[in-house]
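Hi,

Here is the structure I said I would pass on. Could you have a look at it alongside the notes below and tell me what you make of them?

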Amino acid sequence: MTFTRVEMQDWPRREAFEHYFREVPCSYSAVFRLDITRLRRSGKKLYPSMLYRLATVVNRHQELRMALDGEGKVGFYDVVHPCYTVFHPQSESFSNLWTRYDPDEAAFFEAYERDLAAYGKLPGMNPKPGTPPNSFPVSMVPWASFQGFNLNLQKGYDYLPPIFTMGKFEEEGGKILLPLAVQLHHAVCDGFHLCRLVNELQDLLQSL
């Protein structure tokens with residue numbers, strides 16, 4: 001893991017960052033309905049397949065790997081890993097797990113299955129130790145679909161990584177559609193970056 005600080009005086013985004021981070025702190029969210037028809041027909045498991053594709057797109061782009069270091073300096077990681085929720089039906093609670101990203105899909109799936117087997121049934125917020133700082137959160141609420149979703153983070157204006165939430169997929173017009181909520185910090189991501197993220201994610205799903 002490498003964290004590279006941004007040289008603010010040479011950063012083309014400096015003015016926008018200062019505006020949306022210090023002057024007018026601003027995060028925003030949007031919901032998209034992804035076509036996962038090919039993914040469902042492929043027989044692959046939905047959750048790890050989406051985790052892998054989300055991590056693939058996030059790792060392509062610097063603006064999605066940005067964070068603050070221990071001294072509050074802005075920079076970016078060379079690689080980030082998905083940190084995701086698992087549900088415990090008996091207690092109606094959840095835990096956070098994380099799996100190291102691997103660009104090889106089969107290797108990532110194997111690591112996910114190992115983590116799920118070792119930690120997936122353990123209680124507590126973070127049963128797998130050592131959640132790395134270079135991670136981004138993903139959750140899923142598979143019991144209902146949604147068209148709007150927003151996280152209200154009281155102390156979240158210094159949190160720069162993207163946050164993803166998936167809902168229940170639905171069939172419509174011969175397609176299987178999955179709602180995906182994306183929450184971003186405007187200091188590092190504009191609408192262009194949001195749309196590129198979602199379009200590239202959809203391309204990955206269509207290429208199956």
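The largest cavity holds about 40 Å³ of space. Keep in mind that this is a predicted model. In total, 2 cavities come out at 30 Å³ or more.

Let me start with the walls of that largest cavity. Its lining is made of L64, R65, M66, A67, Y77, V80, P133, N134, S135, F136 and P161. Two elements give two or more residues each to this lining, namely β3 (66–68) and β7 (135–141). Sorted by class, the lining residues are 8 nonpolar, 2 polar and 1 charged.

L64 is a handy residue for finding your way around here. You will find L64 in the loop between α3 (46–58) and β3. Its relative accessibility is 3%, and under 20% means buried, so L64 counts as buried. As for its neighbours, and leaving aside residues up to four places away in sequence, L64 touches V57, V58, P162, L184, C189 and L197. Another lining residue to look at together with L64 is F136: the two are 72 residues apart in sequence, while their C-alpha atoms are 9.2 Å apart in space.

Next, the sheet that β3 belongs to. It is an open sheet of 3 strands in the order β1-β4-β3, with antiparallel pairing. β1 (3–5) and β3 stand at the edges with a single partner strand each, so one side of each has no neighbour in the sheet. On average, neighbouring strands of this sheet are turned by 40° against each other, direction ignored. If you want to check the pairing by eye, β1 and β4 (residues 74–77) run antiparallel and are joined by 3 bridges. In that pair, R5 stands opposite G75 of β4.

Now for the other cavity. How much space lies in the second largest cavity? About 30 Å³. The residues lining this second largest cavity are S29, F149, N150, L151, I163, T165, A181, V182 and Q183. Both β8 (163–167) and β10 (175–185) supply at least two of these lining residues, and β10 has the largest share, with 3 residues. By class, the second lining has 5 nonpolar and 4 polar residues, and no charged ones.

That covers both cavities and the sheet. Shout if anything looks odd when you load the model.

Cheers

Notes: Residues numbered from 1 in each chain as written. Predicted model: local features only at pLDDT ≥ 70, side-chain atom pairs only at ≥ 80, totals over all residues. Heavy atoms only, no water. 1 Å grid on protein atoms, 1.4 Å probe; cavity = no way out; pocket = protein on both sides within 12 Å on 5 of 7 lines; lining within 4 Å. Points joined across faces, edges and corners; volume = space filled by probe spheres on them. Helix = DSSP H or I, 4+ residues; strand = E, 2+ residues; numbered from the N terminus. Nonpolar A, V, L, I, M, F, W, Y, C, P; charged D, E, K, R; others polar. Buried < 20%, exposed > 50% of the residue type's maximum accessible area, 1.4 Å probe, protein only. Contact = heavy atoms within 4.5 Å. Pairing = 2+ DSSP bridges. Axes fitted to C-alpha atoms, helices over the stretch in contact; angles between N-to-C directions.
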